[in-house]
Amino acid sequence: MLKAIIFDAYGTLFFTGNGSVNAVRRILTANGHPEMCAEEIYAHWKVWHRKHMEELPDFRTEAEIYALDLEELYRQYGFSRDPRQDVAIMLQIQGTRVAFPEVKEVVEELGKEYVVAIGSTTDTAPLMKDLERSALPITKIFTSESLRLYKPREEFYTTILSELGLSPSEALFVGDSLLNDVEGPKKVGLHTCWINRNNQKALSACPD
């Protein structure tokens with residue numbers, strides 16, 4: 001019997017918009033290259049970010065990983081600024097996200113019947129700011145920082161289940177990423193729901 005709904009946060013509950021790309025534009029301007037394509041640079045950034053999360057031998061906060069990402073990007077593009085001083089530009093967008101219009105009502109309705117939790121790859125403090133601003137009634141919060149784990153490692157999901165005192169069959173994982181919110185949870189037996197806001201095709205995974 002289903003007892004809990006575990007939501008991803010960003011892209012699922014919270015609208016991320018163009019904040020990250022705009023931050024890259026400010027970084028390019030700071031480096032004297034406003035003409036460069038921010039979308040392209042950000043795409044490369046995401047590749048490095050995923051690589052670092054997968055390959056680092058120990059846990060790092062998002063701020064620490066951002067610094068590593070920028071070091072690689074600055075080396076790749078030949079930028080001369082100290083990448084560590086520009087991490088703050090990306091961090092400025094954290095804790096500023098707003099919930100999608102339907103989210104509050106959905107969470108409130110689900111909370112009448114199920115335990116509602118969040119399982120997100122993010123630092124804890126900005127997520128708590130976003131939850132407070134949107135007045136979402138969610139008290140079971142699990143982040144990569146609090147768990148010291150990233151998605152889609154199996155331990156990320158099994159640790160959440162253990163903290164909630166549930167078996168995999170008793171929880172549904174809901175999110176917008178096929179890798180992090182469908183493939184990862186399914187490996188440990190969780191039911192999954194894909195929030196497909198961008199009309200993508202589910203080529204790599206099959207959500208329930």
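In which strand is T143 found? The legends below address this and other points of a predicted model.

**Figure 1. Overall view of the predicted protein.** The protein contains 9 helices and 7 strands. Its C-alpha trace extends over about 55 × 35 × 30 Å along the principal axes. The radius of gyration is 18 Å, which agrees with the value near 17 Å that a compact globule of 208 residues would have. Of the 208 residues, 46% count as buried. Among contacts with a separation of 6 or more, 61% are made by residues 24 or more positions apart.

**Figure 2. Surface and charges of the protein.** The accessible surface amounts to about 10,700 Å², and carbon and sulfur atoms contribute 51% of this area. The protein carries 23 positive and 31 negative charges, and the mean positions of these two sets lie 1 Å apart.

**Figure 3. Close-up of T143 in strand β5.** T143 belongs to strand β5, which comprises residues 140–143. Because its relative accessibility is 0%, T143 counts as buried. When neighbours within four places in sequence are left aside, the residues in contact with T143 are S120, T122, D123, T124, L127 and F156. One of these contacts, L127, is also listed among the buried residues of helix α6.

**Figure 4. Close-up of helix α6 and its surroundings.** Helix α6 spans residues 124–134, and its buried residues are P126, L127, D130, L131 and S134. These residues lie on the same side of α6, because they cover an arc of only 140 degrees around the axis. The exposed residues K129 and E132 are carried by the face turned away from the buried side. The cover over the buried residues of α6 includes the strands β2 (14–15), β3 (98–99), β4 (115–120) and β5, together with helix α5 (103–111). After α6 comes A135, which has a positive phi, near 55 degrees.

**Figure 5. Close-up of C37 in the loop between α1 and α2.** The loop that holds C37 lies between α1 (19–30) and α2 (38–55). With a relative accessible area of 39%, C37 is partly exposed. From C-alpha to C-alpha, C37 and L166 are 46 Å apart in space, and 129 residues separate them in sequence.

Notes. Residues are numbered from 1 along each chain as its sequence is written. This is a predicted model: local features need pLDDT of at least 70, side-chain atom pairs count only at pLDDT 80 or more; totals for chains, interfaces and linings use all residues. Side-chain values use heavy atoms; hydrogens and water are left out. Helices (H or I, at least four residues) and strands (E, at least two) are DSSP runs, numbered from the N terminus. The radius of gyration is taken over C-alpha atoms; the globule rule is 2.2 Å times the number of residues to the power 0.38. Buried means under 20% relative accessible area, exposed over 50%, partly exposed in between (1.4 Å probe, protein chains only). Contact means heavy atoms within 4.5 Å. Accessible areas come from the Shrake-Rupley method with a 1.4 Å probe; for residues, only the protein chains shown count as cover. Lys and Arg count as positive and Asp and Glu as negative; His and the chain ends are not counted. The place of a charge is taken as NZ of Lys, CZ of Arg, CG of Asp or CD of Glu. The arc is that of the directions from the helix axis to the C-beta atoms.
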